[in-house]
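Me: Got a minute to walk me through this one? I'd like to start with how far to trust it.

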Amino acid sequence: MTRFNAFAALLVVTLVTACSGPSRSTVDDGTAGAGAGGAASSGMGEGGMGQGGAMDGSAMGGSALGGPGASQENRVVYFEFDRFDVKSDYNAMLQAHGRYLSSNPTARLRLEGHADERGSREYNIGLGEKRAQAVRNVLLLQGAMSDQIATVSFGEERPAVIGSDEEAWSLNRRVEIVYGQ
Amino acid sequence: MSRNSLLLATLLALFASPLRAELQITITEGVDKAVPIAVVPFGLQGMGTPPPLDAAAIVAADLARSGRFAPLDRKDMLQRPTTGAEVDFSDWRIQGSEVLIIGRVVQAGGDQYEIQFQVFDVLRGEQLLGYRQPATTQNFRRSAHRVADLIYEKLTGVRGVFSTRIAYVTVNRTPQRTNFRLIVADADGENPRVMVESPEPIMSPAWSPDGRKLAYVSFEARRSEIYVQELRSGARKRVSARPGVNGAPAWSPDGQRLAVSLSRQDGNLDIYTLDLNSQMLTRLTSGSSIDTEPAWSLDGRQIYFTSDATGGPQVYRVPAEGGSPQRVTFEGNYNARPRVAPDGKQLAVVHNDRGNYRIAVVDLARSSTQVLSDGRLDESPSFAPNGETLIYATRDGARGVLATVSANGRIKQRISALEGDVREPAWSPFPVN
């Protein structure tokens, strides 16, 4: 767990550095972020990608930290057991997503909340929904509009990792950010 | 739209298709105190098509599976009487059988049969029960289970559940796809039928009080929606697809309403009742807590539910017409998903027992908790309609399997499918005639 947090923190630092750099120039071709992570979101190309109006670099889709071009690592928020508060590790990343939404009013995303397998299934649906709502609230504070964000909870039904140990559980307690919904 | 119609067509095509994969049931604890009995192969009477199944074998297997009876092996029987006149009790006494069951299947022409059977107290040499159970080729297995139900009730004073059914969800994962199925099978795992199949999750099956419908949650639209499906016709209706979570359906005792958990616009999960005729919603809880997993009291006046209002999940109850919730469980830091016992005196819950998720029963009068299962990740308890047994989901290694435990904790069984995970068992009510 601590190992993972350290990794996430390192990643945030790396990507904050990256987004002020050359990624800006890749916005217009719609492949933003591909160079940083190679991970393509299913919603790529939708929303505000074609708009050239936003001049603030942090608000554009080119960031690997936020927006549809965000790397895989920056499209997942992890949680503690039976908790749904968003850890401060995710501030920079969610700020970037929030600003992207705020600058691209036609952009849409969906927050998919999940829980680990322990305990009862419908209660875990509740936990997943609470987690998605918590991430949604952070994005709204960053200037996103409520109609830009949909939430869904899959509870423990769609694990990212199959397994019954602490590591698998920590990877399954998550909210996935999916653009283009 | 067209994609939905296609999906519906697929679902309907699948409906009622028989499955090869049956559940395998093994008694893991509790057979040593079973009463020795003998179920003699039933004779055949009349001309016509022989019966499709061995009725006596089904009856013997049912009684053995209850954990309360130990049938004598057929090959050890010294005689095989099929009428009362042929019975010599001294032979059965020597073999230690305390109860003797004999019978005849009468071929009544076409696909019609009659299962005639007699139950004897071997020690006293007396008949306890004699009965004729009509049957057809189609319902022969069900009719044999009815015979076992009647014998069980005569011998124990408790109505048998051999002719009831179990609904459950299976999941098969391949690298290419995940496949969820809602299945209904006989209580002995035979006759499994696929009700719905989907690449997206299916959850929370709940039987209507008349046993003719199931409510469940399906994510086939990539979000949770509640459906009600008729077993016989396979026809189904979407009854709740509101924004946010649509979950945890539970039928009112009169079958007119569902208690559900909805998050709607504000994102808070609260308990509502949904009138199935008028679609009218009544909100029963509010606030920022997770309120879910409703279960009706037997008289329909109260609804038990899970809430994390005080931090971890605990069971509360609220009047079904509205009022203030009261906490019900106090032992331990995790008590969730209540199910009311058929006598109304206990709740089955998922209980955190020193880090393990286990099935426990909470005595409502004394507020005491008794842990019944011994797994690490046990969940989804469901009472048999006679209250004697609970079925629940557990693990066998990494695989999801089902298990049963008697309400006194003594008799345990493991039920696994031939492949994939099995989860969320729901025991049907008694059949309505």
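Below is a short back-and-forth on confidence, the contact between the chains, and some strands.

Me: What kind of model is this, and what limits apply to its features?
Reply: This is a predicted model, where local features need pLDDT of at least 70, side-chain atom pairs count only at pLDDT 80 or more, and totals for chains, interfaces and linings use all residues. Residues are numbered from 1 along each chain as its sequence is written, while chains are lettered from A and ligands numbered from 1 in the order in which they are written.

Me: What's the mean pLDDT of chain B?
Reply: Chain B has a mean pLDDT (the predictor's confidence in each residue, from 0 to 100) of 91. In that chain, 92% of the residues reach 70 or more. For the model, ipTM is 0.90 and pTM is 0.85.

Me: Where in chain B does pLDDT stay under 50?
Reply: Over residues 1–21 of chain B. The model has 18 contacts beyond four places in sequence for that stretch. A contact here is two residues whose C-beta atoms, placed from the backbone, lie within 7 Å.

Me: OK, the interface. How many residues of chain A are in contact with chain B?
Reply: 21 residues of chain A, and they meet 29 residues of chain B. Helix H3 (121–141) and strand E3 (149–155) of chain A are the elements giving two or more residues to the chain A side. H3(A) has the largest share there, with 9 residues. Helices (H or I, at least four residues) and strands (E, at least two) are DSSP runs, numbered from the N terminus.

Me: And how does that side of chain A divide by residue type?
Reply: Into 5 nonpolar, 7 polar and 9 charged residues. Ala, Val, Leu, Ile, Met, Phe, Trp, Tyr, Cys and Pro count as nonpolar, Asp, Glu, Lys and Arg as charged, and the others, Gly among them, as polar.

Me: Back to chain B. Why does its radius of gyration agree with a compact globule?
Reply: Because a compact globule of 433 residues would come out near 22 Å, and chain B has 23 Å. That is taken over C-alpha atoms, with a globule rule of 2.2 Å times the number of residues to the power 0.38. Its C-alpha atoms fill a box of roughly 75 × 55 × 45 Å along the principal axes.

Me: What's the secondary structure of chain B?
Reply: 4 helices and 31 strands.

Me: Is strand E25 of chain B mostly covered or exposed?
Reply: Mostly covered: 6 of the 8 residues in E25(B), 356–363, are buried. Buried means 20 or more other C-beta atoms within 10 Å of the residue's own, exposed means 12 or fewer, and partly exposed is in between, with C-beta atoms placed from the backbone. Across chain B, 46% of the 433 residues count as buried.

Me: Which strands are joined to E25(B)?
Reply: E24(B), residues 346–353, runs antiparallel to E25(B) with 8 bridges. B:Val349 stands opposite B:Ala360 there. E26(B), residues 369–371, is also antiparallel to E25(B), through 3 bridges. Two strands pair if DSSP finds at least two bridges between them.

Me: What about the turns?
Reply: The E24(B)–E25(B) hairpin has 2 residues between its strands, and B:Arg354 in the turn has a positive phi of about 50 degrees. In the hairpin of E25(B) and E26(B), with 5 residues between the strands, B:Ser367 has a positive phi near 60 degrees.
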